[in-house]
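Please look at the sequence and the three-dimensional structure together. The paragraphs that follow take up several places in turn.

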Amino acid sequence: MTAKTGNPGHIQVFLVDDHPPIREAIRSYVDGVMDIEICGEAGTAETAFRDIESLNPDVAVVDLSLPDAHGLDLIENLSAQCPEVEIVVYSMYGEIVYAERAIRAGASGYVMKVTPVRNLVEAIRRVNDGEVYLSPQMS
């Protein structure tokens, strides 16, 4: 595992989503957030796993729907091989159905894509602080 890169004091975040516009929207929003920095992104589970292992971010934001694997499989692999990386699921799939599965697989947070991006930012901060993040309805 390599050392973390980027600005000290910033939460280093890696984005995993197969839709470039989603990654661009998150990156655009986070660019205005003082304590979070996007350190990398990927559109497939294979690329994500390789790059996360190399970059060692603080938090990975993972979509469940990926072209080469299910996001839950990626979460399990990351949890086993990169346990220091916290994982937030950012998905269109219903929280009631998938949040428990994601947490069991190793995620620390679950945010639905229908919520504002500021909720994702809150989830990133909370899981980085060692907490679990779920919507108030799930909690």
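Which residues does Glu86 touch, not counting residues up to four places away in sequence? In this predicted model, Glu86 touches Asp58, Val59, Ala60, Ser108 and Val127. Glu86 itself belongs to strand 4, which covers residues 86-91. Its relative accessibility is 23%, and because the partly exposed class runs from 20% to 50%, Glu86 counts as partly exposed.

Two of these partners may be followed further. Ala60 lies in strand 3, residues 59-62, and with a relative accessibility of 0% it counts as buried. Leaving out residues up to four places away in sequence, Ala60 touches Phe14, Ile52, Val85, Glu86, Ile87 and Val88. A separation of 17 Å, by contrast, is found between the C-alpha atoms of Ala60 and Ser28, which stand 32 residues apart along the chain.

The other partner is Ser108, in the loop between helix 4 (95-105) and strand 5 (109-112). Along the sequence, Glu86 and Ser108 are 22 residues apart, while their C-alpha atoms are 6.4 Å apart in space. Is Ser108 buried or exposed? Its relative accessibility is 12%, and since the limit for a buried residue is under 20%, Ser108 counts as buried. Neighbours within four places in sequence aside, Ser108 is in contact with Glu86, Ile87, Ile103, Val127, Glu131, Val132 and Tyr133. Val127 thus appears among the contacts of Ser108 and also among those of Glu86.

Another glutamate, Glu84, is found in the loop between helix 3 (71-81) and strand 4. With a relative accessible area of 38%, Glu84 is partly exposed. Glu84 and Asp58 are 26 residues apart in sequence, and the distance between their C-alpha atoms is 7.3 Å. Asp58 is also one of the residues that Glu86 touches.

The loop between helix 2 (45-55) and strand 3 contains Asn56. What is particular about the backbone here? Phi of Asn56 is near 55°, a positive value in a residue other than glycine. As a general matter, most residues other than glycine have a negative phi. Asn56 is also counted as buried, at 8% relative accessibility.

Attention now turns to the interior space. The structure holds 1 cavity of 30 Å³ or more, and about 50 Å³ of space lies in the largest cavity. Its lining is made up of Leu15, Val16, Asp17, Ile22, Arg23, Ile26, Val61, Val62, Asp63 and Tyr90. Strand 1 (11-16), helix 1 (20-30) and strand 3 are the elements that give two or more residues to this lining. Helix 1 supplies the largest share, with 3 residues. By residue class, the lining of the largest cavity divides into 7 nonpolar, no polar and 3 charged residues.

Helix 1 also holds Tyr29. This tyrosine is partly exposed, with a relative accessible area of 38%. Not counting residues up to four places away in sequence, Tyr29 touches Val117, Arg118 and Val121. Of these partners, Arg118 lies 89 residues from Tyr29 in sequence, and the two are 8.3 Å apart in space, C-alpha to C-alpha.

The last place to visit concerns aromatic rings. The structure holds 1 aromatic pair. The rings of Tyr93 and Tyr98 have centres 5.1 Å apart and planes at 40°. Why is this pair described as tilted? Planes under 30 degrees apart would count as stacked and those over 60 as edge-to-face, so the remaining angles count as tilted; with planes at 40°, the pair of Tyr93 and Tyr98 is therefore tilted. In accessibility, Tyr93 counts as partly exposed at 28%, whereas Tyr98 is buried, with a relative accessible area of 17%. The ring of Tyr98 has a further partner: the charged end of Arg101 sits over this ring, 4.9 Å from its centre.

Technical notes
Residues numbered from 1 in each chain as written. Predicted model: local features only at pLDDT ≥ 70, side-chain atom pairs only at ≥ 80, totals over all residues. Heavy atoms only, no water. Phe/Tyr/Trp six-rings, centres within 6.5 Å; stacked < 30°, edge-to-face > 60°. Buried < 20%, exposed > 50% of the residue type's maximum accessible area, 1.4 Å probe, protein only. Lys NZ or Arg CZ within 6 Å of the ring centre and 35° of its normal. Helix = DSSP H or I, 4+ residues; strand = E, 2+ residues; numbered from the N terminus. Contact = heavy atoms within 4.5 Å. 1 Å grid on protein atoms, 1.4 Å probe; cavity = no way out; pocket = protein on both sides within 12 Å on 5 of 7 lines; lining within 4 Å. Points joined across faces, edges and corners; volume = space filled by probe spheres on them. Nonpolar A, V, L, I, M, F, W, Y, C, P; charged D, E, K, R; others polar.
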